[in-house]
Structure formats: C-alpha cells, structure tokens
Amino acid sequence: MTSGRRALTALHLLLVWATMAATVPMLGFGLLMTAWGGGTGAAAVAFMLGAPLTVGLLAAAGIPASTVVPLCGSVSRRLGWAVLVFVLGTLGVVAGLVAYGEDVDLGSAGMRIALTGTPYAVAAAFFVPSRWVRLGAVTALAAGVVYGGFVGPAQAQERRHAAEVARYRENPELLHLGTAPPGMRVSRAVVGLASFSVEYRSVRQDENAYVSLLVRRPLTPTPRCPELVEKDMTCTVDAHGEMRMVRAFPGGIRDITLARRHGTAEVTVSSQYLDEPVLRRLLNTLHPLSDTELERLMREKMIAESF
C-alpha cells in the first residue's frame, strides 16, 4: 500500500469514526427520550426514521474511500457497505452497553462518546483490502472482547468488593469478634449503623446451641441493670463494671447475659445453652475483626448490612 493510499485509508476510518461518534449518541438519546415520552412504539418509529439517516451519513463518509474500498466504488454498493458497517458497529455498541451495565469502566462521558464510533471504524476496517489494516481491526476487536468480557468485569468485581468492604469497615471500633466456643461456629454477622451482632451456632445440625454477641455504642456511661427487674430475673454489676443478668425459665433453663465495656464500645453476650465461664471466655477472646475473617464471612455470605 502506497503512502497516498495509507493516508486515504486513515482518513476514511477517521471519517467513519467521527461521523458515528457524533451521530450514534444523538440517535440513542433521541430513542431514549421518545421511549420515555411515547413508549416503545414511538421509539420504534423514531429508530425507523433515524437509522436510514445515520446510514446515509455513513455512506457519505465513505465517498472519499471510493478508490480504496471496492464496496464504496458506486452509490448502490456504498449504501450496502454503509448498512453492513452500521449493523456490525451497532452490535459492538450494544456489547459495550452490556459491559457498561455490568459496571465495566469505560472512562469519562467524553471517552464513552468517543468510544461509540470505534466499533464502526473497526467494522469499516474489515472492508479495506489490506491485510495490515484488517490485522489491526482483528487486534482492536480482540482487545475489546478481552477487556469487555474479562478484564473489565474482573476490575468491576474488585471495585464492588472494595466498596462492600469499605461499607462494613465504616465503624471499625464496633467490628469485634470472639473465638467461637468449642463445638460452635459463626453462623451470621450483621453490621448496623451503630452495632455489630454475631450469632454462634453448633456445628452439629442436631444441636440447637446458640450464643449471641452484640457490640454497640454505649447507651450509658457503664452497663446498668434494667430499672424494672422481671420475676425470676437477677441482675448485678460488679466492681469492674461488668453486668451479669440471669433469667430463669421453666424446666431449669437459664438465659445468661454478660455485658462489659471494650474500648469505646459496649459488648453483650447471651445464651440459654452455655454456662457463664464459657461466655466469659468468649468475651475474653474478643478481638478486632481481621481482614481474613471478614473475607471469609463475605465469601461464605455470612455477613450482611442492616441500615
């Protein structure tokens, strides 16, 4: 390919890109507004009017390439070329919209408008009788597929994951976890606006052992017993400010609740199945929720938000 033909080919592809980068966003915006105001029927009519106009502009952009692209050598063949480029390029735009809907980063608004014309320029390049131009088109197409189908979605997933972790970490002083009692495991954790709750359950399906842990912002300077003490309930606060409350139920069942300060938070642990020493050991092993523990809770879908 001579330098003159190379320059004409570059001008041809640039014209295709510029024409479609300017036309397709306007066509899409017009279809969106028409559908918003008149429904899908009106949008279909607008597309039937706008698509031929766009094809006509694309055919006009192919006039300078009449000596470079055989399909642009006559009016009828140029119209056929324009239809093919329009259809193929629009498929690329639709694929880009799907990727964008999956949170794939396509840059700023200006960059996205510029990218709108790229699928049409790539489609037009396939009709240029030059293996190097077509090789460039294949390379551009492959890069788009790899980024839009693999790299972009992976990056979007990483951004969503990072945003989710950041939401959970908004109140790090509340995110504390105790070592699960023997035979138990963390089954659920809930992050609230001013609290973090954890449920521990037995690892065996035939056992109902249950412990709840609640870390929250203090409501009082020190843990206090309820003003109204229920029947069969005892409550004391020791010299260290730790509250112990026991409710007795028929059948010898006791609900034990222990509360103490931990840093700037108040921690409460309660259970009807475990005795007091086990609950105290749970409180004594309280530690900040590590990244590894948070990742495991997220991976196993055992943590949720409650705002």
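Tutor: Helices here are DSSP runs of H or I with at least four residues, and strands are DSSP runs of E with at least two, numbered from the N terminus. The model under discussion is predicted.

Student: Which helices and strands supply at least two residues each to the lining of the largest cavity?

Tutor: Helix 5 (131-168), strand 2 (184-192) and strand 3 (195-202) do so. Eleven residues line this cavity, and those nearest its centre are Tyr 168, Asn 171, Val 191, Gly 192 and Ser 195.

Student: What makes a space a cavity and not a pocket?

Tutor: A 1.4 Å probe fits in a cavity but cannot get out, whereas a pocket is an open set. With a threshold of 30 Å³, the search of the whole structure finds one cavity. The largest cavity holds about 60 Å³ of space.

Student: How do the residues of its lining divide by class?

Tutor: The lining of the largest cavity has six nonpolar, three polar and two charged residues.

Student: What is the volume of the largest pocket, and which residues lie nearest its centre?

Tutor: The largest pocket contains about 1,300 Å³ of space. Its lining comprises 43 residues, with Gly 92, Val 93, Gly 96, Leu 97 and Pro 119 nearest the centre. Among the elements that each supply at least two lining residues are helix 1 (3-61), helix 3 (109-116) and helix 4 (118-125). Helix 2 gives the most, with 13 residues.

Student: How many residues of that lining are nonpolar, and how many are charged?

Tutor: The lining of the largest pocket has 31 nonpolar residues, ten polar and two charged.

Student: What lines the second largest pocket?

Tutor: Its lining includes Arg 216, Met 243, Met 245, Ala 259 and Glu 266. Strand 6, strand 7 (253-262) and strand 8 (265-271) each supply at least two residues. The second largest pocket has a volume of about 180 Å³, and its lining divides into six nonpolar, three polar and three charged residues.

Student: Why is the contact between Glu 276 and Arg 244 called a salt bridge?

Tutor: The rule asks for a side-chain nitrogen of Lys or Arg within 4 Å of a carboxyl oxygen of Asp or Glu. The N to O distance between Arg 244 and Glu 276 is 2.6 Å, so the pair qualifies. The two residues belong to distant parts of the chain, 32 residues apart: Glu 276 lies in helix 6 (residues 276-284) and Arg 244 in strand 6 (residues 243-249).

Student: Is Glu 276 buried or exposed, and how is that decided?

Tutor: The cut-off for buried is under 20% relative accessible area. Glu 276 has 16%, and therefore counts as buried. Its partner Arg 244, at 25%, is partly exposed because this value is not under 20% and not over 50%.

Student: Which residues are linked with this pair in a network of salt bridges?

Tutor: The network links Glu 242, Arg 244, Arg 260, Glu 276 and Arg 280. By the rule already stated, the count for the structure comes to 13 salt bridges.

Student: How do you know that Arg 201 and Glu 199 meet the rule?

Tutor: The N to O distance of their side chains is 3.8 Å, which means that it falls within the 4 Å limit. Arg 201 has 39% relative accessibility and is partly exposed; Glu 199, at 24%, is also partly exposed. The side chains of Glu 300 and Arg 296 qualify at 3.7 Å.

Student: What makes a group of residues including Val 145 a nonpolar patch?

Tutor: A patch takes residues with over 30% relative accessible area and no salt bridge, and joins nonpolar side chains within 5 Å. Val 145, in helix 5, has 47%, so it passes the area cut-off. With Phe 126, Val 138, Leu 141, Val 146, Phe 150 and Val 151, Val 145 forms a surface patch of about 600 Å² of accessible area together.

Student: What makes the phi of Asp 232 and of Lys 301 worth a remark?

Tutor: Most residues other than glycine have a negative phi. Asp 232 has a positive phi of about 65 degrees, and Lys 301 has a positive phi of about 55 degrees. Asp 232 is in the loop between strand 4 (210-216) and strand 5 (233-237), while Lys 301 is in the loop between helix 7 (291-299) and strand 10 (303-306).

Student: Why is Lys 301 called exposed or buried, as the case may be?

Tutor: Exposed requires over 50% relative accessible area. Lys 301 has 74% and therefore counts as exposed. Asp 232, at 48%, is partly exposed because its value is not over 50%.

Notes:
Residues numbered from 1 in each chain as written. Predicted model: local features only at pLDDT ≥ 70, side-chain atom pairs only at ≥ 80, totals over all residues. Heavy atoms only, no water. 1 Å grid on protein atoms, 1.4 Å probe; cavity = no way out; pocket = protein on both sides within 12 Å on 5 of 7 lines; lining within 4 Å. Points joined across faces, edges and corners; volume = space filled by probe spheres on them. Nonpolar A, V, L, I, M, F, W, Y, C, P; charged D, E, K, R; others polar. Patch = residues over 30% accessible without salt bridge, like charges linked within 9 Å, V, L, I, M, F, W, Y side chains within 5 Å. Areas by Shrake-Rupley, 256 points an atom, 1.4 Å probe, with all protein chains shown as cover. Buried < 20%, exposed > 50% of the residue type's maximum accessible area, 1.4 Å probe, protein only.
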